[in-house]
Every structure is written in structure tokens, then in C-alpha cells.
Amino acid sequence: MKIHFLEAHRFVVTDFDDYDIHVSGEKPVYELTALAMFVLSIARCTFAVLWVYGERSDADPDSIEMTMSWDFDHEPTRYKQIVMDIYWPDLPEKKRKVAQRMASHCTIHNSIHDCVDIVTKVRVA
């Protein structure tokens with residue numbers, strides 16, 4: 001998996017099928033912290049759901065690219081919102097809405113939906 005940090009609380013994930021994790025980033029170099037890894041786990045779990053959908057609907061899931069960003073709330077400090085922008089160029093437009101619904105049903109989404117607002121968008125070519 002390739003993770004490229006754009007900002008401290010924003011990264012792009014590609015190559016989900018590569019189980020080695022490759023981290024890069026803009027200057028200054030951002031790190032894959034525990035908080036970023038939590039957001040990354042949502043991306044990876046969502047990819048697993050979309051992979052199954054892609055295999056069943058003839059849309060190559062290997063082309064999926066996700067931009068993940070998040071902000072925090074305070075007192076107590078916690079995730080306020082996580083935004084997942086999924087770019088899937090091989091997905092036909094007519095299947096975009098179904099993919100967006102599917103993306104919001106990974107195990108982690110289902111586990112934390114009452115605690116954190118997760119905004120999910122799917123874009124196609």
C-alpha cells in the first residue's frame with residue numbers, strides 16, 4: 001500500500017493490494033502515527049468491501065485511490081469528522097451511487113458510526 005501525506009491530517013492511499021506499506025510525504029515529512037493508522041484502517045476496510053463489489057460488477061478495484069482527511073474535536077479530544085474521497089476511474093457512472101452506499105458499510109464504519117461523522121464520496125472518471 002502506498003500512503004502519500006499531503007498534510008498532517010490528509011493522505012492519499014493507492015496500491016491497496018501491496019501488503020507492504022510505503023509512506024511518503026510533502027515537506028515537512030509527516031509520519032504514520034497511531035491516529036493516522038486508525039484512519040488508514042478505515043480506508044483499507046472500505047477497500048475490501050469495494051473490492052468485492054468491483055469483482056462482481058466488472059469494475060477493476062485496483063484503480064481505486066482514496067484521499068483521507070480528518071479533524072478533531074476537543075474536551076475530550078477525539079475524531080470529529082473523517083472524510084473519505086474515493087476516486088475509482090474504472091467504475092461506470094451508473095454504479096457510482098451503489099459503490100458509495102457500499103463504501104459506508106465496512107466493519108469499521110459500522111462499529112464507529114455513532115461516534116464519528118464519516119463523510120464518503122465516490123468519484124468516477
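**Helices packed on a mixed sheet**

Me: Helix 1 and helix 2 are oblique to each other in this predicted model. At roughly how many degrees do the axes of helix 1 and helix 2 cross?

Reply: Angles over 145 degrees count as roughly antiparallel and those from 65 to 115 as roughly perpendicular, with what falls between these ranges counted as oblique. Here the axes of helix 1 (residues 34–56) and helix 2 (residues 96–103) cross at roughly 140 degrees and come within 9 Å, so the pair is classed as oblique. The crossing of these two helices is right-handed.

Me: Which residues of helix 1 and helix 2 meet?

Reply: Contact is judged from heavy atoms within 4.5 Å. On the side of helix 1 the residues are Thr 46, Val 49, Leu 50 and Tyr 53, and they meet Val 98, Ala 99, Met 102 and Ala 103 of helix 2. By class, this contact comprises 7 nonpolar residues and 1 polar residue, with no charged ones.

Me: What is the order of the strands in the open sheet?

Reply: An order is read across the sheet, from neighbour to neighbour, and in this model the 6 strands of the open sheet follow the order 3-1-2-4-5-6, with mixed pairing. Strand 3 (22–25) and strand 6 (117–123) are the edge strands, each of them pairing on one side only. Ignoring direction, neighbouring strands of the sheet are turned against each other by 20 degrees on average.

Me: Which strands run parallel, and which pair in the antiparallel sense?

Reply: Strand 5 (residues 78–87) runs parallel to strand 6, to which 7 bridges join it; two partners can be traced there, since Val 83 is bridged to Val 119 and Gln 81 to Asp 117. Strand 4 and strand 5, by contrast, are antiparallel over 9 bridges, and Glu 65 stands opposite Tyr 87 of strand 5. The hairpin of strand 4 and strand 5 has 4 residues between the strands, and Glu 75 in this hairpin takes a positive phi near 60 degrees.

Me: How should side chains be read along such a strand?

Reply: In a regular strand, side chains alternate between the two faces of the sheet.

Me: Which strands does each helix lie across?

Reply: Helix 1 lies across strand 1 (2–7), strand 2 (10–14), strand 4 (65–73), strand 5 and strand 6, and runs at about 40 degrees to strand 5. Helix 2 lies across strand 5 and strand 6, running at about 150 degrees to strand 6.

Definitions and conventions:
Residues numbered from 1 in each chain as written. Predicted model: local features only at pLDDT ≥ 70, side-chain atom pairs only at ≥ 80, totals over all residues. Heavy atoms only, no water. Axes fitted to C-alpha atoms, helices over the stretch in contact; angles between N-to-C directions. Parallel < 35°, antiparallel > 145°, perpendicular 65-115°, else oblique. Left-handed = near helix turned anticlockwise from the far one by under 90°. Nonpolar A, V, L, I, M, F, W, Y, C, P; charged D, E, K, R; others polar. Pairing = 2+ DSSP bridges.
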